[in-house]
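Here is a report on one protein chain and its bound metal. Read it with the structure open beside you.

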Amino acid sequence: MLTIHNTLTRKKEEFKPIHPGEVRMYVCGPTVYDYFHIGNARSFIVSDFIRRYLEYKGYKVTFAMNLTDIDDKIIRKANAGNIEAKEVAETFSAAFFEDIAKLKIKKATIYPKATEHIQDIINLIKKLEENGYAYNIDGNVFYNVKKFTTYGKLSGKNTEELESGSRVEINEAKRNPLDFSLWKKAKEGEPYWESPWGAGRPGWHIECSAMSCKHLGETFDIHAGGNDLIFPHHENEIAQSEAATGKKFVNYWLHFGFLNIENEKMSKSLGNFFTARDVLKRYSAEVIRLFFSQTNYAGPLNFSDDLLSGAQKGLEKITNLAEKLDDELKAGRPSGIEIDFDFAKFYADFEAAMDDDFNTSQASAVIFDFVRAVNKVLAENSEAGKRFFEKAKEYLAKTAEGVLGIVDFSSLHGDDSKSLENDLIELLLNLRIEAKKEKNFALSDKIRNELTALGIVLQDGKDKTTYKKVKAE
Ligand code: AMP
Ligand code: ZN
């Protein structure tokens, strides 16, 4: 039984989808004004674990992630560079897709963009106006928070406390400090769209209400995002959607902990961030994913090179076994002897971990236990037959590769450039043999010495020369 900790009820609950066998899930995506950082990547990767596990369980998942492609930050960046906001958004949307592919995040079913849903957004605001939840002041439309009596139910905040804690901005033309923008009147030099309230652009919260409803329905199963979105973003989404439809908006709300640096949230504004693309230059997607899987999604996690190096070391154990299994099967492992091994137990343990509110840290521990157990069998049974190899590979393919994405059977043995490197070394070794045959010892020594200088040490055996790569000091 899958259980999920629901932010709305503050309890772990059994997961029951609205339509049997189907899950509709929405995750707040990036504002495309810059490259995303490795903190954002945590939210994207953790949503990917959840989505892949739901698919592992046999659900058909409709997964939507929005791109906020019009917003203050985008406009500011465009103005600073003297280009159109659209250009900024297009550049960084393309970068977003490149980076999530490199992180081996499965593509969402749909990536709705705010600027492609302006009419849906306008219709929703009109509906809120009709229902008495929105008011227009000189082309700026606000949501009337007082009217939505259950405001605060997600974040657990109460409106009186919120009001006394917030200062009314002198120039803000709105009735109540908690009221928020649904439609912003166009300012000089800003992109705008025509609307019943005049030229302007949508507020941030309304885009998620409009797009989730359009693509997933008025009520859907799971809505997720980082902890920073609980208030006000998700609280406001609930207020908008439920006031418009009169129906419950979302059944399960999930929120992800922050990636921190020295216990402080990684963020653009604090400047304490690394872009995902820079981190990917030093660590593979599998290492980054293992690192994230080893802490549960809800808690905070510190980012450091030491921790990533630790994950890299750990991952080698899994990769070594995956390579061994793959190689032996490709080489035509003989039927050999049958091995009595309890694969079902390891599947059950993995599923029990993931069923417990997507406990990826326990699930990755189960995979390490599995690797240890399989290595032990192989050490004790050199005759272990093909069937065992197949089943062991299948286990890693379903769990480590399929759900966590920490193994990629299609790119084992390093990347392509590594195998090219090995081929080139072999080529040089063969040329050296020919040089020796021709008694051109000057050339054969030159090949040896130059390879040594590159950290590739040759060892001449009786019939064959082998080589070892040593790290340069
Ligand atoms: P943004 O582009 O800032 O709207 O953020 C995109 C997603 O990344 C949202 O779901 C945020 O909650 C999430 N996010 C932002 N900073 C962090 C962080 N340091 N750790 C984890 N998630 C984050
Ligand atoms: Zn959102």
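Phe97 is partly exposed, with a relative accessible area of 24%. Here buried means under 20% relative accessible area, exposed means over 50%, and partly exposed lies in between (1.4 Å probe, protein chains only). Phe97 belongs to helix α3, residues 85-102. Helices (H or I, at least four residues) and strands (E, at least two) are DSSP runs, numbered from the N terminus. Setting aside neighbours within four places in sequence, Phe97 touches Leu67, Lys107 and Tyr111. Contact means heavy atoms within 4.5 Å. Asn79 sits 18 residues from Phe97 along the chain, and their C-alpha atoms are separated by 24 Å.

The model is predicted: local features need pLDDT of at least 70, side-chain atom pairs count only at pLDDT 80 or more, and totals for chains, interfaces and linings use all residues. Residues are numbered from 1 along each chain as its sequence is written, chains are lettered from A and ligands numbered from 1 in the order in which they are written, and side-chain values use heavy atoms, with hydrogens and water left out.

**Overall build**

The protein has 473 residues, and 47% of them count as buried. It holds 15 helices and 15 strands. Along the principal axes, its C-alpha atoms fill a box of roughly 90 × 55 × 35 Å. The accessible surface is about 23,400 Å², and carbon and sulfur atoms supply 50% of that. These areas come from the Shrake-Rupley method with a 1.4 Å probe; for residues, only the protein chains shown count as cover. Among contacts with a separation of 6 or more, 75% join residues 24 or more positions apart.

The domain assignment gives domain 1 (17-280), domain 2 (315-412) and domain 3 (416-469). Such bounds come from an automatic or database assignment. The centres of domain 1 and domain 3, taken over C-alpha atoms, are 58 Å apart.

**Nonpolar cores**

In soluble globular proteins, nonpolar side chains tend to be buried together. A nonpolar core is a set of buried Ala, Val, Leu, Ile, Met, Phe, Trp, Tyr and Cys residues joined through side-chain atoms within 4.5 Å. The largest one has 86 residues. Those with the most contacts inside it are Ile38, Leu54, Ile288, Phe358, Phe388 and Leu396. This core draws at least three residues from each of domain 1 and domain 2. Take Phe388 as an example. Beyond its neighbours within four places in sequence, Phe388 contacts Ile339, Phe341, Phe343, Val374, Val377 and Leu378. A second, separate core has 39 residues, including Ile118, Ile122, Leu124 and Ile238.

**The zinc site**

Which residues coordinate the zinc ion (ligand 2)? Cys28 (SG), Cys208 (SG) and His233 (NE2) do, at 2.1 to 2.2 Å. Donors are N, O and S atoms within 2.8 Å of the metal (3.2 Å for Na, K and Ca); water is not among the atoms, so sites may look incomplete. The donor spacing in sequence is C-x179-C-x24-H. Cys28 and His233 link distant parts of the chain, 205 residues apart. Cys28 lies in the loop between β3 (22-27) and α1 (38-56), while His233 is in helix α7. Cys28 counts as buried because its relative accessibility is 10%. His233 is at 0%, so this residue is buried too.

Helix α7 spans residues 230-245 and also contains Pro232. The peptide bond from Phe231 to Pro232 is cis, with omega near 0 degrees.

**Two positive phi angles**

Asp357 has a positive phi although it is not a glycine. The same description fits Lys439. The table sets out their angles, loops and accessibilities.

| Residue | Phi | Loop between | Relative accessibility |
|---|---|---|---|
| Asp357 | about 55 degrees | α11 (343-355) and α12 (360-380) | 13%, buried |
| Lys439 | about 55 degrees | α14 (416-437) and α15 (441-453) | 61%, exposed |

**A three-stranded sheet**

Three strands form an open sheet in the order β12-β11-β13, with mixed pairing. Two strands pair if DSSP finds at least two bridges between them. β12 (264-265) and β13 (301-302) stand at the edges with a single partner strand each, so one side of each has no neighbour in the sheet. β11 (residues 259-261) and β12 pair in the antiparallel sense over two bridges. Asn260 has Lys265, in β12, as its bridge partner.
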